[in-house]
Amino acid sequence: MKIIGIETSCDETAAGIVEDGRKLLSNVVSSSMDLHRIYGGVVPEIAARSHIEVINGVIEQSLKEARCDWQDIDSIAVTYGAGLGGSLLIGVMAARTLAITKKLPLFAANHVLGHVYANFITATSLPGYNVTSSPKFPMMAIIVSGGHSQLVLFYNHFDYILLGQTQDDAIGEAFDKVSKMLGLGYPGGPAVSAKAKDGNPDSFNFPIAKMPGYNFSFSGLKTAVLRRSQELIGEDYTFPSIKLANRLNEAQKADLAASFEYVACKTIVEKVKEAVNEYSPSSVVIAGGVAANRELRRQLTECIKSPLLMPDIKLCTDNGAMIATLGCFMSEFKVKQADPYSLDIAPNLTI
Ligand code: KG4
Ligand code: ZN
């Protein structure tokens with residue numbers, strides 16, 4: 001069974017084709033990131049307009065890359081939430097139209113769950129992808145993205161419990177805000193990570209927020225970076241202020257970035273360690289944009305003794321292949337199909 005997945009929840013227009021929920025046949029991603037850069041973050045209207053402009057080409061390219069045409073495709077899966085309303089609408093309308101005209105079943109995919117399902121891709125016909133073995137249940141998922149920081153325990157497909165989540169900012173959001181504070185640009189995660197390579201993670205002793213259960217908090221850490229930056233320059237420019245970043249030298253920025261990255265990752269890893277001890281999962285997987293972070297991968301590999309699976313970095317940030325994979329399992333597990341005449345978006349959808 002071949003499923004095409006369409007993803008437009010934020011600033012990436014993406015389509016990917018996956019066979020039997022395991023084999024990656026294509027993964028085409030067109031990002032409008034460059035258009036947002038000068039504004040320091042995603043501008044929803046620009047993202048939506050960009051989706052309209054490129055979505056047909058992205059879908060066509062994903063078929064071409066997979067050496068398929070529509071007769072080979074068995075179903076369509078599309079992200080209907082969570083995400084930016086205007087952006088979601090473009091993917092959903094494209095998928096609905098295709099489901100009607102091509103007479104194909106339609107599956108409404110939860111974006112966050114899609115990130116987790118990137119871990120089920122275990123083979124590919126594409127060059128340049130690292131694939132892992134398939135996760136086993138019970139499976140613990142560490143979901144770390146721009147909008148989510150959650151620990152979820154899956155007993156089986158579509159049978160899961162939320163162990164804990166952030167009580168304020170998501171970890172990716174903290175990376176993005178610290179990047180802005182230090183004047184490192186957008187998108188923040190990779191920028192902070194690149195700067196951190198030149199810094200010493202022990203320079204500043206930032207606190208790890210102590211939260212009950214398996215919950216996280218990142219807003220205190222973000223404020224701690226701001227306070228240390230203000231102390232370093234001897235002025236209390238409040239954020240957002242470009243003056244603050246301009247007064248820090250490159251070595252100070254690198255040390256702040258490295259110390260922040262180390263503690264942000266440790267905040268996640270400490271809770272994962274506790275949860276793994278309590279639940280003894282057969283697999284631990286990471287999912288979402290921050291799963292691309294090398295420091296997080298390093299700390300997890302060092303600290304988690306359970307079988308740890310990490311998707312290829314290209315499958316961590318938003319993509320259509322993860323939505324196609326989720327769609328394959330929705331089909332296999334007889335999850336209710338969406339009505340192509342009425343499927344609506346759900347910007348605030350939760351897991
Ligand atoms: O999953 P994703 O592409 O979109 C959401 O669903 O939110 O995640 C985007 C987030 C952004 O906050 C971005 O800064 C962060 O993932 N990110 C990273 C890295 N690559 C992307 N954070 C840290 N290190 C990275 N290498
Ligand atoms: Zn995402």
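**View 1. The zinc site and two of its buried donors.** Both H111 and D318 are buried, a word that here means under 20% relative accessible area, while exposed means over 50% and partly exposed lies in between (1.4 Å probe, protein chains only). This is a predicted model, in which local features need pLDDT of at least 70, side-chain atom pairs count only at pLDDT 80 or more, and totals for chains, interfaces and linings use all residues. Residues are numbered from 1 along each chain as its sequence is written, chains are lettered from A and ligands numbered from 1 in the order in which they are written, and side-chain values use heavy atoms, leaving out hydrogens and water.

Look for the zinc ion (ligand 2): its protein donors are H111 (NE2), H115 (NE2) and D318 (OD), at 2.0 to 2.1 Å from the ion. Donors are N, O and S atoms within 2.8 Å of the metal (3.2 Å for Na, K and Ca); water is not among the atoms, so sites may look incomplete. Along the chain, the donors of the zinc ion (ligand 2) show the spacing H-x3-H-x202-D. H111 belongs to helix 4 (residues 111–117) and D318 to the loop between strand 11 (308–309) and helix 11 (320–332), so this pair ties together parts that are 207 residues apart in sequence. Helices (H or I, at least four residues) and strands (E, at least two) are DSSP runs, numbered from the N terminus.

**View 2. Helix 2 beside helix 3.** Helix 2 packs against helix 3 (residues 85–101) at an angle of about 30 degrees, and their axes are 8 Å apart. Axes are lines fitted to C-alpha atoms, for helices over the stretch in contact, and angles run from 0 to 180 degrees between N-to-C directions. Helix 2 and helix 3 are therefore roughly parallel to each other; angles under 35 degrees count as roughly parallel, over 145 as roughly antiparallel, 65 to 115 as roughly perpendicular and the rest as oblique. Helix 2 contributes A47, A48, H51, I52, I55 and I59 to the contact, and helix 3 contributes G86, S87, I90, G91, A94 and L98. Contact means heavy atoms within 4.5 Å.

**View 3. S50, a buried residue of helix 2.** You can find S50 in helix 2 (residues 44–65). With a relative accessible area of 9%, S50 is buried. Not counting residues up to four places away in sequence, S50 touches T13, S32 and L35.

**View 4. Helix 6 meets helix 9.** Here helix 6 (residues 188–196) and helix 9 (residues 250–279) pack at about 115 degrees, with their axes 7 Å apart. Helix 6 and helix 9 are therefore roughly perpendicular to each other. V192, S193, K195 and A196 of helix 6 make the contact with E250, K253, A254, A257, A258, F260 and E261 of helix 9. K253 of helix 9 counts as buried, at 8% relative accessibility. Leaving aside neighbours within four places in sequence, K253 is in contact with L182, L184, K195, A245 and L248.

**View 5. The buried residues of helix 5 and their cover.** In helix 5 (residues 171–181), the buried residues are I171, G172, A174, F175, V178, S179 and M181. Their cover includes strand 7 (139–144), strand 8 (149–156), helix 6, helix 7, helix 8 (242–247) and helix 9. After helix 5 comes G183, with a positive phi near 70 degrees.
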